[in-house]
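Reader: I am meeting this entry for the first time. Please take me through it, one question at a time.

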Amino acid sequence: MITDQVCLETLYETACRVLETAAFALAELATEDDEFEPPQRGCLAQVVMSGDLECLLTVAAPLELCCVLFADILGIDLDEMNCDESTQQQVADMLGEMANIMAGQFATDVLGEQAVVHLRPPRTRLLDQALWTEISNLAASRLLVIDQQPLLI
């Protein structure tokens with residue numbers, strides 16, 4: 001039987017591996033010493049999983065980190081892109097795709113290749129301080145750190 005703790009540990013390991021593979025980002029679990037202010041602006045992506053595994057995967061990050069990941073995935077210099085309100089939806093969609101990859105890999109990591117898990121298309125939206133705080137207070141949420149910036153799972 002797979003416990004909630006095993007699922008959570010697997011999720012964080014999966015997220016770190018996907019971020020490294022897809023975005024060349026080295027992520028690690030935050031320690032008790034890591035403290036971050038809730039970001040003023042950010043992106044949120046959610047993927048609903050059903051079937052052999054029923055859960056909601058949520059990924060949230062400050063806009064600045066999302067822009068770095070976006071540039072890394074596209075293989076462009078961050079200075080070449082304009083990370084402002086005009087690109088926020090594209091950056092949020094990238095985070096949605098990242099969450100989708102994490103969800104699929106997580107299902108395989110937890111249940112194996114034979115699992116039947118359906119992923120709904122990612123839902124994305126912009127994130128403010130209040131929503132960040134709400135998500136970070138959930139019992140199952142964990143903070144990852146990428147280049148000294150927070151990412152919530």
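Reader: Which residue follows α1, and what is its phi near?

Author: Happy to help: this is a predicted model, where local features need pLDDT of at least 70 and side-chain atom pairs count only at pLDDT 80 or more, while totals for chains, interfaces and linings use all residues. Residues are numbered from 1 along each chain as its sequence is written, and side-chain values use heavy atoms, leaving out hydrogens and water. Helices (H or I, at least four residues) and strands (E, at least two) are DSSP runs, numbered from the N terminus. Right after α1 comes Phe24, and its phi is positive, near 55 degrees.

Reader: Why does a positive phi in Phe24 catch the eye, and is Phe24 buried or exposed?

Author: Most residues other than glycine have a negative phi. Phe24 is not a glycine, yet its phi is positive. Its place is the loop between α1 and β1. The labels are set by relative accessible area (buried under 20%, exposed over 50%, partly exposed in between, with a 1.4 Å probe and protein chains only), so Phe24, at 63%, is exposed.

Reader: What is the phi of Asp147, and where is Asp147 found?

Author: Asp147 counts as exposed, at 60% relative accessibility. Asp147 is not a glycine, but its phi is positive, about 50 degrees. As for its place, Asp147 is in the loop between β6 and β7.

Reader: How far apart are the end C-alpha atoms of α1?

Author: The expected span of a helix is 1.5 Å times one less than its number of residues. For the 20 residues of α1 this gives 28 Å, and the computed distance agrees: 27 Å.

Reader: What covers the buried residues of α1?

Author: The buried set includes Cys7, Leu8, Leu11, Tyr12, Val18 and Leu19. Contact here means heavy atoms within 4.5 Å. The cover includes β1, β3, α2, α3, β6 and β7.

Reader: Are α1 and α2 roughly parallel or oblique to each other?

Author: Axes are lines fitted to C-alpha atoms, for helices over the stretch in contact, and angles run from 0 to 180 degrees between N-to-C directions. Here the axes lie 8 Å apart, at an angle of about 50 degrees. Angles under 35 degrees count as roughly parallel, over 145 as roughly antiparallel, 65 to 115 as roughly perpendicular and the rest as oblique. The relation of α1 to α2 is therefore oblique.

Reader: Which residues make that contact, and how many of them are charged?

Author: From α1 come Leu19, Ala22 and Ala23, and from α2 come Leu69, Asp72 and Ile73. For sorting, Ala, Val, Leu, Ile, Met, Phe, Trp, Tyr, Cys and Pro count as nonpolar, Asp, Glu, Lys and Arg as charged, and the others, Gly among them, as polar. The contact of α1 with α2 has five nonpolar residues, no polar ones, and a charged count of one.

Reader: How are α2 and α3 placed relative to each other?

Author: The axes of α2 (residues 63-74) and α3 (residues 88-111) come within 9 Å and cross at roughly 75 degrees. Residues in the contact include Cys66, Cys67 and Phe70 of α2 and Val91, Met94 and Leu95 of α3. The contact divides into 10 nonpolar, two polar and no charged residues. With that crossing angle, α2 and α3 are roughly perpendicular.

Reader: Is Cys67 buried or exposed, and which residues does it touch?

Author: Cys67 sits in helix α2. Its relative accessibility is 2%, so Cys67 counts as buried. Not counting residues up to four places away in sequence, Cys67 touches Leu78, Met81, Cys83 and Val91.

Reader: Which residue does the side chain of Gln46 join through a polar contact, and at what distance?

Author: Gln46 lies in strand β2 and is buried, at 18% relative accessible area. The partner is in strand β3 and is also buried, at 13%. A polar contact is a pair of N or O atoms within 3.5 Å; within protein, one must be able to donate a hydrogen and the other to accept it, and residues adjacent in sequence count only if both atoms are side-chain atoms. The side chain of Gln46 joins that of Thr58 at 3.1 Å.

Reader: How far apart in space are Thr31 and Leu143?

Author: Thr31 is in the loop between β1 and β2 and counts as partly exposed, at 46% relative accessibility. Thr31 and Leu143 are 112 residues apart in sequence, while their C-alpha atoms are separated by 8.6 Å.
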